[in-house]
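Okay, thanks everyone for squeezing me in. I'll talk through one helix pair and then the domains, so let me get the structure up on the screen.

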Amino acid sequence: MLLTPARLADGRLVDVVIDGGVITDVRAAEARSAVRPSDGAMPVPVALDLAGMMLLPAPAEPHAHLDKALVANRVSNPAEDLAGAIDAIIQAYATMTDDDLTTRSLNAIATAVARGFTAIRTHLDCRVGIGSRSVRRLAEIKHEVRDLVDIQIVALAGHVTDPDGADNRLLLLESLAAGADLVGGTPSLEPRPTAAVAELVAIAADHGVGMDLHVDETIDSTATALRTLAERVTATGFPYPVTASHCVSLGMQDPDEQRRTAEAVAAAGISVVTLPQTNLYLQAREWECAKPRGLTAIGALRAAGVTVAGGSDNWRDPFNPMGRIDPMETASLLVTAGHLLVSDAYDAVSAGSRAVLGLPEVRVAPGYPADLLAIRGVSLADAIADASEQRIVIRAGRVVADTRVTRDVDPRDHVALRRATASVR
Ligand SMILES: [Zn+2]
């Protein structure tokens with residue numbers, strides 16, 4: 001497959017050749033017209049016209065909740081805070097059928113793939129009152145869509161200490177047996193966070209799997225589960241990948257405290273996933289002025305050498321009714337709310353996310369996997385800001401989604417407007 005002419009994030013206009021799921025050649029676009037087919041220098045089995053589009057390493061979603069996705073139309077969260085969202089989703093679970101779970105999950109996956117995600121890590125509730133049904137169903141769906149997208153399942157346990165600790169631990173074990181890839185949990189919501197962290201680390205170690213915890217979702221600066229997790233991982237020599245999601249409290253702490261915790265997180269080899277959409281929605285509801293943004297301390301973590309990825313969290317459910325299922329929205333929020341440079345923001349939703357998921361690095365260069373996103377735009381900033389639906393998604397060298405957009409603005413007699421309309425087609 002030939003992609004031409006492809007505009008890269010560094011501004012170069014190139015032709016890209018893909019063969020066997022791998023990028024095999026990247027050369028200046030001008031060079032192609034100078035090569036006659038008879039030269040045999042560049043055989044062209046299939047050419048994909050990328051005029052007017054950027055070609056980027058494909059995004060990966062490091063933190064979604066497919067079991068809850070697209071349920072917002074029928075479940076409300078009048079309190080609009082985290083506790084209200086948890087209450088609402090427990091009520092919603094009581095009405096969910098397997099068909100409903102399947103339909104919503106697949107709709108969300110299809111949208112995610114069309115928007116550029118070639119891999120998704122989803123947390124799935126398994127707890128008293130809900131059971132492990134979501135893990136069992138999504139394990140089947142993961143297999144069914146394996147040619148379209150990589151899915152990783154985190155078993156999101158209920159409280160593993162008291163009061164239902166024993167039952168929730170059993171459901172976590174049941175979920176791991178049913179196909180969950182990682183151990184998840186919410187230690188800061190438990191009565192004994194330190195004990196919960198120790199319990200979750202022990203269960204993951206016993207089963208030889210990694211962890212991805214909702215470490216804390218609170219603007220209470222005294223919440224220290226992230227530090228506890230880092231110290232526990234280091235002390236036990238836990239050998240599998242660990243991801244700390246949200247870590248909102250760290251963003252509220254003073255710079256020295258942030259630095260010390262970030263260094264402990266780096267030393268433990270823990271990656272952090274920041275989730276601006278949901279944190280901006282749920283956090284600081286009680287503040288009447290100068291509301292904190294509820295994001296983790298991205299700068300301190302990056303300065304300490306921690307891998308920081310950007311994710312969506314909730315795709316239209318009581319935790320976030322506005323989740324757009326779009327890496328470009330997350331990247332945009334990392335620029336405006338997270339104060340990252342445009343290139344670093346895109347790295348967070350692509351390279352950083354792939355690193356969290358343990359996937360091989362992608363660059364638009366020979367020898368790298370052909371997991372790519374082409375999106376309408378003339379620069380990376382333009383592509384993120386405009387977030388055009390016009391996207392072509394390539395996974396393992398195969399086009400898995402192709403969305404075309406036409407725009408008609410009535411130009412009447414305005415010559416300049418007529419030109420502008422033509423230029424976006
Ligand atoms: Zn989450």
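**A helix pair and a domain contact**

Right, let's start with two helices: H11, residues 327-336, packs against H12, residues 342-349, at an angle of about 135°, and their axes are 8 Å apart. Angles from 115 to 145 fall in the oblique range, so we call H11 oblique to H12. The crossing of H11 past H12 is right-handed. If you want to click on the residues, H11 brings Pro327, Thr330, Ala331, Leu334 and Val335 to the contact, and H12 brings Val342, Ala345, Tyr346, Ala348 and Val349. Sorted by class, that contact of H11 with H12 comes out as nine nonpolar residues, one polar and no charged ones. Keep in mind that this is a predicted model.

Now zoom out to the domains. Domain 1 comes in two pieces, 2-57 + 363-403, and domain 2 covers 61-357. Taken over C-alpha atoms, their centres are 32 Å apart.

So how many residues of domain 1 are in contact with domain 2? It's 17 from domain 1, against 16 from domain 2. On the domain 1 side, strand S5 (53-57), helix H14 (380-386), strand S15 (391-395) and strand S16 (398-403) each put in at least two residues. H14 gives the most there, with five residues. And what's the make-up of that side of domain 1 by class? You get 13 nonpolar residues, one polar and three charged.

That's my bit, over to you.

Note on methods. Residues are numbered from 1 along each chain as its sequence is written. This is a predicted model: local features need pLDDT of at least 70, side-chain atom pairs count only at pLDDT 80 or more; totals for chains, interfaces and linings use all residues. Axes are lines fitted to C-alpha atoms, for helices over the stretch in contact, and angles run from 0 to 180 degrees between N-to-C directions. Helices (H or I, at least four residues) and strands (E, at least two) are DSSP runs, numbered from the N terminus. Angles under 35 degrees count as roughly parallel, over 145 as roughly antiparallel, 65 to 115 as roughly perpendicular and the rest as oblique. A crossing is left-handed if the near helix is turned anticlockwise from the far one by less than a right angle, and right-handed if clockwise. Two residues are in contact if their C-beta atoms, placed from the backbone, lie within 7 Å. Ala, Val, Leu, Ile, Met, Phe, Trp, Tyr, Cys and Pro count as nonpolar, Asp, Glu, Lys and Arg as charged, and the others, Gly among them, as polar. Domain bounds come from an automatic or database domain assignment.
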